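Notebook open, model loaded. I want to look at strand pairing and then at the aromatic rings.

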Amino acid sequence: MLSRVTFLLVASLLFPFSIPAQKYWPVIDILSPSWGPVDMLVTIKGQHFGEPQANSTVTFNGTQAKPTSWSDTQIVTPVPDGATTGVVRIAVNGTTKSQGNYPMFTVVTDSVFIQKIQAGDAEAITIAGRSGDQRFVPYLKRELENHKAKGNRFAGSWPTELALARLGQTDQLQEVWCRAITDDPKHGLWPSTYQLELVGGWFAIRGIEKLLTPEGLIRWHKPSKEEINSDAHSMPFFVTALETLPKVVPNPPIIPVRVTPELDRQLSPDWVTKIWQDWIAAHKDELSKLQPTGEGVDFSSDACKKGKPVKKK
């Protein structure tokens, strides 16, 4: 009689499929950012990360992190205290096997990172804006004041303004909104949802939703001569709004694809717009937590004049 060990060995050779195995090992496509200080939020995008579980971990050069979110294709985690420059590894079900090479993350001190912001390093400023960390706000505001003093109010200061907006600073969010609804004809001859897309969060969703007007009757600024003499004068704003919403909304609703003339008639702009409006209303509790929230921003049409916020008296 075969022993149990012998039986299992023979079975594994004859029926290899009978022994479960990990079919796909994780692969990291993007590590963003790839450098920064401790506590910096890092987004890891890739495939086959599995679902959150006790025996799945992320480590920075051997120091275990505490992810704030984990899905099969994306992990968000702060750089752990005590981490040093080295490889970022993901262990799924206790194993660190991978379908590709693990990326490197360079750890810098807070002082070095802040020095880069003060020196006007565009990458450091962008990273600070995406970090969600309020400790960088004073340094970014100081950098913005330096730009104002030098007279390069927009061209040179835009990365800093965008970073402050992403960190939820009301003044910068208000300016982004005003530029978005009066930015003609720089980004097309109707409101620029791209401005809102760059910032993201509930702020972007709320702003874009303001442009979801099926009748296309709301005008946020006085039409320019170029607009009046073009097709843009009759172009409804919701066209670009509908194109932008899936880019700023996590797990957006599935909109049926137009494949037949009959379905094409059913998928009228009014109908698609209503799908979005109803979906946003149904998911408001979770969406309203997305940063930046846009709290304190005036989304009305009279909040801006010539692309700039109306000065508060």
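**Sheet and rings**

I began with the strands of this predicted model. Four of them make an open sheet, running β1-β3-β7-β6 with antiparallel pairing. I checked the edges next: β1 (27-32) and β6 (69-70) each pair on one side only.

Then I zoomed in on β1. Its partner is β3 (residues 41-47), and the two pair in the antiparallel sense over five bridges. For a register point I noted I28, which stands opposite G46 in β3.

Next entry: rings. How many aromatic pairs are there? My count came to six aromatic pairs. I picked W177 and F299 to look at in detail: the pair is edge-to-face, with 5.0 Å centre to centre and 70° between the planes. The edge-to-face label follows because planes over 60 degrees apart are counted that way, and this pair has 70°.

Where do the two rings sit in the chain? W177 is in helix α6 (residues 170-182), while F299 is in the loop between α13 (284-287) and β10 (304-305), so the pair ties together parts that are 122 residues apart in sequence.

Buried or exposed, I asked of W177. W177 is buried, at a relative accessible area of 0%. F299 has 5% relative accessibility and also counts as buried.

Last entry: W35. Ring pairs link W35 with F113 and F136 into a cluster. I also looked for a charge at that ring and found K116, which lies over the face of W35, 5.6 Å from the ring centre. So W35 goes down in my notes twice, because ring pairs put it in the cluster and K116 lies over its face.

Note on methods
Residues numbered from 1 in each chain as written. Predicted model: local features only at pLDDT ≥ 70, side-chain atom pairs only at ≥ 80, totals over all residues. Heavy atoms only, no water. Phe/Tyr/Trp six-rings, centres within 6.5 Å; stacked < 30°, edge-to-face > 60°. Helix = DSSP H or I, 4+ residues; strand = E, 2+ residues; numbered from the N terminus. Buried < 20%, exposed > 50% of the residue type's maximum accessible area, 1.4 Å probe, protein only. Lys NZ or Arg CZ within 6 Å of the ring centre and 35° of its normal. Pairing = 2+ DSSP bridges.
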